[in-house]
There are 2 protein chains.
Amino acid sequence: MTGRLPSLVERRKYLRAAVAMATASRRAILRRMARGYGRRLKADATLVTDADLEAERVLRREIGRRFPEHGIFGEEFPAILPNADFQWILDPIDGTLSFTHGIPFFGTIIALHYRDRPIVGVIDHPALGVCYSAGLGLGAWCDGRRLRIRDARAADLPREIVSASDRPRFVLCRSARAFDALVRAHANVRGYTDCLAHTMAAEGKIGAAVDYGVRLWDIAATQLLIEEAGGRYECVYRGRHRGLPLYGIICGKPRVVRWLLRVFGSGGRKR
Amino acid sequence: MTGRLPSLVERRKYLRAAVAMATASRRAILRRMARGYGRRLKADATLVTDADLEAERVLRREIGRRFPEHGIFGEEFPAILPNADFQWILDPIDGTLSFTHGIPFFGTIIALHYRDRPIVGVIDHPALGVCYSAGLGLGAWCDGRRLRIRDARAADLPREIVSASDRPRFVLCRSARAFDALVRAHANVRGYTDCLAHTMAAEGKIGAAVDYGVRLWDIAATQLLIEEAGGRYECVYRGRHRGLPLYGIICGKPRVVRWLLRVFGSGGRKR
């Protein structure tokens, strides 16, 4: 099932295309921010806005034009060609709640997986004006700057910042004990939420991001960004919720991830 | 003890001076960020850097030059004229941990209290390039833009974002049950920490900031910023730690603060 991976040259082409698509969706989102947008609650009680829909439409149009034989799996519209080898996984606005509250920490997630293996990952922050990207074997980047995570020293562990998602998301993954163990064990737990925590981990600005109760599109770009930057990525929970897969991940500096796995091993749900 | 407050004209003069001082300390901090700085652990195991020290020196020099008869109470150096009616309260870098990790959410806090009553409050975010300021009766501002908090509607309470400090800081205030009640009662608890949570509350971007285990300089500008923007500010905990007063506050949209007071009333420490 693994098959031959696309060559480095092909991967570079896909990476460039993904970054160009992020530029297009960013433009659509910033335009909506300036002009205003409608919003409504979806069936699962999460928010969606016209900006989410328009950005995903822009991305789907770009993919259809460039790679008509590729599949698309996005948050807001039905899947296209779900059996294709190449799958584009899209979250047009990760952090819609931040977006609607004027908090600039939301992002657009664009990933290309080949037979379930991530080969391109992009997280764009339109309101911050920065784009993170990675390609398998091509490194991780913030715009033109290469990202290289420096591992934490043991002595610095107490001052490493760990970002965790909301407790109810851990509850969804029957992992509330992991959350409770973390906030008791560590003095610097923050909740940046959204993909900002993932890009901060890829920068090495935080020691690790712990994100539970997330969908495939929330994490589709993260593994590559972290690993290509020299970090460690672990999927520690796989379950289902409302009929769809649900995940829990830990990613960041290898030593911090290792330490969190120990904390969760004793306080979290057995994996 | 209350005495006559400085006139509106005088308050405006102090506000303008505080904003000018923030410009000077911002310049010093950005210079240090560009050139590098030393850091060390203080006796209380928190970090201090050359940038903290230099920014506070800049502020003290400015205050000494402009208002030599005023007192100064700052985080990094001994108090000056502690019995003066006017007291400048300074935290040169609130969020030193963020600062040293390259996270731009730290800020400089400058407040002027007259006989314990706040009359000027400034929170400057050097790395974000924005300055928040308020004067008693003069409104709250982000640079030239007036801040006006729109209260939350009851139906929107579940989607209001609440920022809370780390659990260990609640523990310091014997209020761990308040933290635990909050993260169980609400789906959108985030930990932005540092004064960024306070300025986001003054913007109305988050519903409320809940900050426990903080010192006077951490909150010296916040009450005025929030109240002048039309929000509600409550000091819900006063205690002592290592011989110095320690506080817990809740501030933000009136309806969210009211709701949190109820959550904490049942789950938190009795006040």
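In the predicted model, helix α1 (residues 8-35) of chain B lies across four strands of that chain, namely β4 (86-94), β5, β6 (117-125) and β7 (130-135). The direction of this helix makes an angle of about 30 degrees with β6(B). Helix α6 (residues 194-203) of chain B also packs on the sheet, where it touches β4, β5, β6, β7 and β8 of chain B. The angle between helix α6 of chain B and β6(B) is about 110 degrees.

The sheet of chain B is open and consists of seven strands in the order β3-β4-β5-β6-β7-β8-β9, with mixed pairing. Its edges are formed by β3 (71-74) and β9 (145-146) of chain B, each of which pairs on one side only. Towards one of these edges, β8(B) and β9(B) run antiparallel and are joined by two bridges. Within β9(B), B:R145 stands opposite B:C142. Strand β8 (residues 139-142) of chain B also contains B:G139. This glycine counts as partly exposed because it has 15 C-beta neighbours inside 10 Å. Apart from neighbours within four places in sequence, the contacts of B:G139 are B:A134, B:R146 and B:E228. B:G139 and B:V171 are separated by 32 residues in sequence and by 35 Å in space, C-alpha to C-alpha.

Chain A likewise holds an open sheet of seven strands, in the order β3-β4-β5-β6-β7-β8-β9 and with mixed pairing. Strands β3 (71-74) and β9 (145-146) of chain A stand at the edges with a single partner strand each, so one side of each has no neighbour in the sheet. Two helices of chain A lie across parts of this sheet. Helix α1 (residues 8-35) of chain A crosses β4 (86-94), β5 (107-114), β6 and β7 of chain A, at about 30 degrees to β6(A). Helix α2 (residues 50-66) of chain A lies across β3, β4 and β5 of chain A, and its angle to β4(A) is about 155 degrees.

Two hairpins follow one another in the sheet of chain A. In one of them, strand β6 (residues 117-125) of chain A runs antiparallel to strand β7 (residues 130-135) of chain A, and six bridges join the two. One pairing places A:I123 opposite its bridge partner A:Y132 in β7(A). Four residues lie between the strands of this hairpin, and A:G129 in the turn has a positive phi of about 70 degrees. In the other, β7(A) is joined by four bridges to strand β8 (residues 139-142) of chain A, again in antiparallel fashion. Here A:S133 has A:W141 in β8(A) as its bridge partner. Three residues separate the strands β7(A) and β8(A), and A:G137 takes a positive phi near 80 degrees. Strand β7(A), which takes part in both hairpins, has five of its six residues buried and is therefore largely enclosed by the rest of the structure.

Attention now turns to the relation between the chains. Chain A can be laid on chain B with an RMSD of 0.0 Å by a turn of 180 degrees and a shift of 0.0 Å along the axis. The two copies are therefore related as by a two-fold rotation axis. In chain A, the C-alpha nearest this axis belongs to A:G191, at 2.1 Å from it.

The contact between the chains involves 20 residues of chain A and 20 residues of chain B. On the side of chain A that touches chain B, at least two residues each come from α4 (167-172), α5 (176-185) and β11 (189-190) of chain A. By class, this side of chain A has nine nonpolar, five polar and six charged residues. Because 100% of the interface residues of chain A are also interface residues in chain B, the copies meet through the same surface.

One residue that reaches across to the other chain is B:H101, whose contacts beyond four places in sequence are A:I161, A:K205 and A:I206. B:H101 lies in the loop between α3 (96-100) and β5 (107-114) of chain B. This histidine is buried because 20 other C-beta atoms lie within 10 Å.

Nonpolar side chains tend to be buried together in soluble globular proteins. The largest nonpolar core of the model has 162 residues, and those with the most contacts inside it are A:A208 and B:A208. Residues up to four places away in sequence aside, B:A208 touches B:V162, B:A201, B:I250, B:C251, B:G252, B:K253, B:V256, B:V257 and B:L260.

Definitions and conventions:
Residues are numbered from 1 along each chain as its sequence is written. Chains are lettered from A and ligands numbered from 1 in the order in which they are written. Two residues are in contact if their C-beta atoms, placed from the backbone, lie within 7 Å. Ala, Val, Leu, Ile, Met, Phe, Trp, Tyr, Cys and Pro count as nonpolar, Asp, Glu, Lys and Arg as charged, and the others, Gly among them, as polar. A nonpolar core is a set of buried Ala, Val, Leu, Ile, Met, Phe, Trp, Tyr and Cys residues joined through C-beta atoms within 7 Å. A residue is buried if 20 or more other C-beta atoms lie within 10 Å of its own, exposed if 12 or fewer, and partly exposed in between; C-beta atoms are placed from the backbone. Copies are superposed by least squares on the C-alpha atoms of residues with pLDDT of at least 70 in both. Two strands pair if DSSP finds at least two bridges between them. Axes are lines fitted to C-alpha atoms, for helices over the stretch in contact, and angles run from 0 to 180 degrees between N-to-C directions.
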